[in-house]
Amino acid sequence: MQVHFTTGNPALGADHLHRGSIHLTQAPQSLAERDYGQALPDANLRRATVALVGVPSRFVPTDVVELLAPFRNSVREIRIFRHAEPPRLPPSLCIVTIACSSKQNATEIYARLHGTTHREEHKLAMAFVQQVEWQSRPAPPPDGLCVVCLDRLDVSYHVVLTTACDHSFHAACLGRWSDAPCPVCRYLHASLASQATHCATCALGSEEQKSSDERRDLWVCVVCGFAGCSAGNPQESSHIRDHYDQTKHAYAVSVTSQLVWDFSGRNYVHRLVMDGESVDAADAQEHRKLEGLALEYTQLLRSQLARQRDVYEQRLAARAGGVVDAAAEARVADLRAEVRALERRAARDRKRLEATESDLKFLEEVSSALEGDAAAREADARNAEAELEKAKSDADRLARALEAKLDVAMRRLEAGDDVAPPPAPAAPVAKSIKCVATGKLFPTMAAAQAYAAKTGRTDFEESTEECVPEPPPEDPEDDELYK
């Protein structure tokens with residue numbers, strides 16, 4: 001069976017709408033007779049995606065999340081499509097595809113939900129998805145962050161639900177959002193009937209209303225979602241009245257005015273209507289806006305409180321040693337992977353630190369060696385300065401002697417060589433050889449050389465001191481003879 005669908009928010013324009021078709025197996029032949037058969041073909045055992053067909057818009061998305069809650073470990077992605085085949089499958093009904101983690105899980109969900117009754121009023125009709133074809137460009141896949149909890153959309157850890165307006169959230173987060181509009185584009189699934197409803201009996205829709213001479217209004221049953229038309233008063237003979245006579249569903253909402261009619265009470269039940277006359281339309285619209293804001297704030301507060309409760313329950317379970325859910329286990333696995341990555345990075349940093357410390361130690365040794373060489377160079381510089389000072393003093397002494405001789409020569413020249421030069425001072429006479437290191441005196445050069453060969457001393461100089469000969473050592477034999 002091939003079912004045509006549309007997705008996207010109609011309020012954003014035709015550019016945001018996506019159309020296509022879903023090929024189903026074991027699908028119903030008609031909307032009234034949901035006979036899928038009891039025997040499951042073997043070919044379906046190889047498919048991992050199932051679909052709920054003909055789901056009323058009032059069950060989307062909260063009841064779908066509640067219905068699939070027992071299978072949250074088997075389901076990976078849920079997507080909601082609007083039917084586009086009036087009158088048999090009007091847009092007030094939806095088709096929900098369920099992508100499972102394995103083919104066995106898909107078969108289990110089909111076996112447990114197919115043919116069952118939800119909330120004692122809607123019989124579930126399921127089928128296997130064979131193929132999804134998009135007529136133009138496909139809808140964007142779920143990606144990014146969930147705007148409710150600001151966590152990433154990953155089908156490996158969470159069940160991702162994509163609404164009929166092509167916005168994706170975590171199924172648990174959107175389940176807490178209740179029947180409020182879409183958190184992104186304010187699209188309301190419960191208003192699908194009012195957007196493009198067709199009479200299930202005569203296929204009369206909004207376009208037919210504009211072109212028809214007879215004014216007929218569309219009504220949607222609040223209980224089962226049946227769409228029917230009426231000429232003015234719904235209490236008179238009409239398709240919606242025939243539906244009430246058959247099912248005794250007493251309440252129907254008008255597509256145009258959004259007012260609820262009570263067939264049993266024969267009057268409107270909306271609180272803004274008194275004695276069959278509605279209040280001013282502007283006041284009603286303003287009141288509906290305030291109600292929407294209050295509902296949105298209430299649902300937001302409830303979702304945040306529930307999320308906080310889940311967080312603290314998980315912490316308490318972790319402290320008590322209880323069982324942690326799959327999401328927490330996945331989070332722990334991610335954290336462990338991050339820890340391993342950090343450990344590898346720390347090992348690399350430790351190796352770099354060791355190499356840096358080795359280089360620093362080598363540089364310190366080189367610096368200490370250079371400092372030692374600098375001290376030696378400073379000592380050499382001091383010695384050189386001392387030698388320079390000694391050389392300067394010798395040069396000054398020689399310069400004075402030369403000046404004296406020059407002065408004598410000048411006087412002799414002036415006197416015509418008659419003036420006798422002053423007597424030269426007697427030069428000191430060396431009387432011994434002195435060792436600079438020990439101060440020992442030697443009378444002759446031979447004695448000094450013998451001492452140098454014996455002790456290794458090399459620093460000797462001439463001295464004016466007189467060397468006193470040492471007495472010869474006493475002979476012990478002479479002592480004995482003297483005795």
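A disulfide is a pair of cysteine sulfur atoms within 2.5 Å. Keep that cut-off in mind, as this tour of a predicted model will come back to it.

**Stop 1: the whole protein**

Start with everything shown. The protein has 483 residues, and 32% of them count as buried. Switch to a cartoon view and you can look for 10 helices and 20 strands. If you turn on a surface, you are looking at about 30600 Å² of exposed area, with carbon and sulfur atoms supplying 53% of it. The chain also brings together residues that lie well apart in sequence: among contacts between residues at least 6 apart, 57% join residues at least 24 apart.

**Stop 2: the cysteines**

How many disulfides does the structure hold? The count is 0. To see this for yourself, select cysteine 146, which is in no disulfide. Its nearest cysteine sulfur belongs to cysteine 149, and the gap is 3.9 Å. Cysteine 146 counts as buried because its relative accessibility is 0%.

Now select cysteine 149. Which cysteine has the sulfur closest to that of cysteine 149? It is cysteine 173, at 3.6 Å, which is too far for a bond, because a disulfide needs the two sulfur atoms within 2.5 Å. Cysteine 149 has a relative accessibility of 12%, so this residue counts as buried too.

**Stop 3: an open sheet**

Next, select strands S11 to S15 and colour each one differently. The 5 strands form an open sheet, and reading across it gives the order S12-S11-S13-S14-S15. Their pairing is antiparallel. In general, strands of a sheet pair through backbone hydrogen bonds, either parallel or antiparallel, so showing hydrogen bonds is a good way to follow the pairing.

Which strands stand at the edges? They are S12 and S15; each has a single partner strand, so one side of each is left without a neighbour in the sheet.

Zoom in on S13 and S14, which pair in the antiparallel sense over 3 bridges. For one spot to look at, select valine 253 and its bridge partner in S14, valine 260.

**Stop 4: the helix across the sheet**

Keep the sheet on screen and add helix H6, residues 239–247. H6 lies across S11, S12 and S13, and runs at about 125 degrees to S12.

Show the side chains of Ile240, Arg241, His243 and Tyr244, which are buried residues of H6. Then turn the view until you look down the axis of H6: the buried residues fall within an arc of 155 degrees, so they line one face of the helix. What covers them? The cover includes strand S11 (217–221), strand S12 (227–230) and strand S13 (251–254).

Just after H6 comes lysine 248, whose phi is positive, near 60 degrees.

**Stop 5: two loop residues with positive phi**

Select arginine 266, in the loop between strand S14 (260–262) and strand S15 (267–268). Arginine 266 is not a glycine, and yet its phi is positive, about 55 degrees. Is arginine 266 buried or exposed? With a relative accessible area of 57%, arginine 266 is exposed.

Finish at aspartate 166, in the loop between strand S9 (160–162) and strand S10 (168–170). Aspartate 166 is not a glycine either, but has a positive phi of about 70 degrees. Here the relative accessible area is 10%, so aspartate 166 is buried.

Notes: Residues are numbered from 1 along each chain as its sequence is written. This is a predicted model: local features need pLDDT of at least 70, side-chain atom pairs count only at pLDDT 80 or more; totals for chains, interfaces and linings use all residues. Side-chain values use heavy atoms; hydrogens and water are left out. Buried means under 20% relative accessible area, exposed over 50%, partly exposed in between (1.4 Å probe, protein chains only). Helices (H or I, at least four residues) and strands (E, at least two) are DSSP runs, numbered from the N terminus. The arc is that of the directions from the helix axis to the C-beta atoms. Contact means heavy atoms within 4.5 Å. Accessible areas come from the Shrake-Rupley method with a 1.4 Å probe; for residues, only the protein chains shown count as cover. Two strands pair if DSSP finds at least two bridges between them. Axes are lines fitted to C-alpha atoms, for helices over the stretch in contact, and angles run from 0 to 180 degrees between N-to-C directions.
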